[in-house]
Amino acid sequence: MSSVSSFHAQKVDLPMSTQTLRLILGDQLNARHPWFVRPDASVCYVMMEIRSETDYVVHHIQKVLTIFAAMRRFAQALQQAGHRVRYFKIGDPDNTQTIEGNLRMLLDETGAAGWACMEPDEWRVQQILEAAAKTLARPFEMVSTEHFLLTRAEAIRTCATRVPRMEFFYREMRRRYQLLLDADGQPVGGKWNFDASNRGRWQGQPQAPDWPWAAEDVSALYQEIQAAGVRTMGEVDPAALRWPVSRKQAKAGLQAFVQQVLPHFGAYQDAMSVHAPLLFHSALSVALNLKMLHPLEVVEAAIAAWQGGEAPIESVEGFVRQIIGWREFVRAVYWANMPDYAQLNALDATRPLPAWYWSGETRMNCVRHVVRQSLTLGYAHHIQRLMITGNFALLAGLHPDEVDAWYLGIYVDAFEWVEMPNTRGMALFADGGTVGSKPYAGGANYIKGQSDYCSGCHYDSKRRVGEGACPFNVLYWHFIDRHQDRFSANPRMAMIVNGWKKRPDPEKAPILATAGRYLERLDTL
Ligand code: FAD
Ligand code: SF4
């Protein structure tokens, strides 16, 4: 077990020769960025653990620990490579707790001519940096993080006239980067998308791997965060944080995933089980979002496994699609549509989040399991986020602002550029169909088909009427009923909506009455 508690941020002496301060944000830990090619005595890197970043939403404790621990490791590595780094710890007395305040202090101290930063991924931080540039009134430069496959400007251009469907965006990315194409430019395996092969139900075999990340002792850091009074949620054993905090760990995790887990990723991508939180997912999103791994190196490792005959095309294509497709796509949607996107509420959802989103104290087995797992690990895989907690929020009409805040806080990999289009767009359909062409709404049939959650549940997955009927069934039909006008024109929803409309009222009334009762007491479900 290694430790980050030994890191003592050196208070570097900032000589008057400092010409430029370069700010590195906590999710910009890209060691291969051109900034770091060789040390430059006229440059001082600035990193800061600040309250404005810990407090804009209530974060999972593991998220704060992972980001700060990874930042400290990164600063240490820079120093060891000969770079000068000024690092503000959360409890440092001279830490003003804001980007602008700390930069102002350092600019005054050193007389540096100006400062630079990398493009932030969140709109919120872009506003903070632009405001700082204005008030600091020194020469200022913003450079690319060199992380994504599309520059931010390219990403925005992709959606300039109309947001494309993800599938077509993804094909363009494959063509642009020549990934999984044959000599004629056609997709290998004869089709672009093996989604239909990604829906297996897992029944205990093949054996699911253990959680991939080794324990890291962050007890000292945990004490510092507690002493600073940062409000967090979720659970942690600070002596054994299980997330990657260095590029070395992230690379080892990528390699282990590709060799041992990827072969099964495709078949069980949509499966869920009480026995295996991760199943055959990679848990690489944190390493990717902190930029410890580059998306191209991740997909190239997966493609090499396919080329070596170690993983089937269904798995490799599915995995590549998530990274060069969905991940780049949601970023493009976000940057092309902010800040308006954050206000969208196309389905006029207004209900508050039931309290059990924060505790897991509900009798719905599927929700209880996913929320508890999220509180324990700071992780849920995609189908758990989309078809359990997200699906419930959609069906019950929970307010997108509250749902967004929950997703943004609870997952260690959560940053608004990727969280919001997934939550507001994909899960809640609050963007009216920009991310997805139809809402991802499902009843117990779907959940039962993909998981083992329903056996032993307080609710009956087959019932749609009366106390004890599965809330997903009941609320599903209430959702269809209340949005029938909107969705009867949607080609992918019309059949369901028209089928519902044709049902006789005496059949519909008890379902809607049960739903009405459930909606009145969501907190007690
Ligand atoms: P894997 O299943 O192993 O997938 C590999 C990689 O593909 C992931 O690491 C991730 O980088 C990328 N990826 C997969 N699906 C998506 C997607 N829909 N959008 C963007 N990238 C994707 N992902 C985040 O990184 N941060 C978030 O805050 C976040 N919030 C979400 C909220 C909701 C409501 C939903 C439905 C999805 C959200 N996702 C988010 C997307 C996805 O669920 C996670 O990226 C994934 O679960 C991370 O686990 P993994 O690394 O094991 O993924
Ligand atoms: Fe979830 Fe309904 Fe199944 Fe219970 S019966 S686990 S509430 S889908």
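Colleague: Which helices each supply at least two residues of the shell around ligand 1?

Modeller: In this predicted model, they are α9 (285-289), α11 (313-337), α13 (382-396) and α15 (416-427).

Colleague: What makes α9 count as a helix?

Modeller: A helix needs a run of at least four residues. α9 covers 285-289, so the run meets that cut-off.

Colleague: Why is the pair formed by H281 and ligand 1 called a polar contact?

Modeller: The two atoms must be N or O and lie within 3.5 Å. A polar side-chain atom of H281 is 2.6 Å from an oxygen atom of ligand 1, so the pair qualifies. H281 is also listed with S282, A283, N289 and Y379 as coming nearest, out of 30 residues around ligand 1.

Colleague: How do you know that the pair with Q322 counts?

Modeller: The limit is 3.5 Å. Here a polar side-chain atom of Q322 and a nitrogen atom of ligand 1 are 3.4 Å apart, so this pair is a polar contact.

Colleague: What part of D413 takes part, backbone or side chain?

Modeller: A polar backbone atom of D413 lies 3.0 Å from a nitrogen atom of ligand 1. Of the 820 Å² that ligand 1 exposes when taken alone, the protein buries 99%.

Colleague: Why is Y453, in the shell of ligand 2, not put in the polar class?

Modeller: Tyr counts as nonpolar, so Y453 goes into that class. The shell around ligand 2 has 9 nonpolar, 2 polar and no charged residues.

Colleague: Where does ligand 2 sit?

Modeller: Ligand 2 takes the space of the second largest cavity. Both α12 (365-377) and α16 (444-450) supply at least two residues of its shell.

Conventions
Residues numbered from 1 in each chain as written. Chains lettered and ligands numbered in written order. Predicted model: local features only at pLDDT ≥ 70, side-chain atom pairs only at ≥ 80, totals over all residues. Heavy atoms only, no water. Near = heavy atom within 4 Å. Polar contact = N/O pair within 3.5 Å; in protein donor to acceptor, adjacent residues only side chain to side chain. Areas by Shrake-Rupley, 256 points an atom, 1.4 Å probe, with all protein chains shown as cover. 1 Å grid on protein atoms, 1.4 Å probe; cavity = no way out; pocket = protein on both sides within 12 Å on 5 of 7 lines; lining within 4 Å. Sits in = over half its atoms within 2 Å of the grid points.
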